[in-house]
Amino acid sequence: TFVWAMATAVYWLFLLFVMHSPSAFLPGDVVLTGDTDYWLHGIAYFGFALLLCRTAETWWMGRSRGQNPPLWIYAAVLLGCIVYGYFDEQTQPLTGRTRETADWEADILGSLAGVCVCLVWQIFFVVESHNSSYYAAQYELSEQKRRRRRRRHRDHHRRRHRKLRSNNPDAASPQDSILPDTEPKIEPKPDAEPPSGAATAG
């Protein structure tokens, strides 16, 4: 997950620089036409959606021990790409570029294509049993580390308690303060007195 997240972050920085630099990587006599700019936007966001999907897939499979990601993961990636594409187009005039609705449409189509490719690949080509065995082993390793930490924590408290008891033998243990040795005595209730107006036998 960390590797895919770092790759996505580097690609996003590159995308941010290119989308907000009018002459980035282009000679002075090269001018992008409408169709070329449209295709470049689509290809750029296609790669961005692919990396985002792959990062989300590895994150989910790590949490769920190798199970395939649900559909809402891909929907969230697509929605994020659409929102970021709109933000990208709205901020381009700040660097001297023009804001065009067609470029945002290309961003949406490229993002949709990238998400669909990841979804189809995950459904038809990824063997879940292989992923399950790998992530199950990773999960078991993390559980072993967690159990060792709990054991060290418990042993530390036991050693500390023994040290306190050796220094003060009369000190009560925590169990003594919680569960007393003797049960409290229950005093019997006195018999109810007869009413004052009742007649006595005799």
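In this predicted model, helix H3 spans residues 71-91 and carries both tyrosine 84 and phenylalanine 87. Three residues separate the two, about one turn of the helix. Their surroundings can be read from accessibility. Tyrosine 84 has a relative accessible area of 13%. The value is under 20%, so tyrosine 84 is buried. Phenylalanine 87 reaches 47% relative accessibility. This lies between the 20% and 50% limits, so phenylalanine 87 counts as partly exposed.

Aromatic pairing was examined next. A pair of aromatic rings is described by the distance of the centres and the angle of the planes. The count comes to ten aromatic pairs. In the pair formed by tyrosine 84 and phenylalanine 87, the ring centres are 6.3 Å apart and the planes meet at 40 degrees. That angle is neither under 30 nor over 60 degrees, so the pair is tilted. Both residues also belong to a cluster linked by ring pairs. Its other members are Tyr11, Trp12, Phe14, Tyr45 and Phe48.

The nonpolar interior was then considered. In soluble globular proteins, nonpolar side chains tend to be buried together. Here the largest nonpolar core has 17 residues. Leu15, Tyr45, Phe48, Cys53, Val77 and Val115 have the most contacts inside it. Four helices each supply at least two core residues: H1 (2-19), H2 (34-63), H3 and H4 (101-124). Helix H2 gives the largest share, seven residues. Tyr45 and Phe48 thus appear both in the ring cluster and among the core residues with the most contacts.

Cysteine 53 was followed further. Neighbours within four places in sequence were left aside. Cysteine 53 is then in contact with Tyr74, Val77, Val115 and Cys118.

Note on methods:
Residues numbered from 1 in each chain as written. Predicted model: local features only at pLDDT ≥ 70, side-chain atom pairs only at ≥ 80, totals over all residues. Heavy atoms only, no water. Phe/Tyr/Trp six-rings, centres within 6.5 Å; stacked < 30°, edge-to-face > 60°. Buried < 20%, exposed > 50% of the residue type's maximum accessible area, 1.4 Å probe, protein only. Core = buried A, V, L, I, M, F, W, Y, C linked by side-chain atoms within 4.5 Å. Contact = heavy atoms within 4.5 Å.
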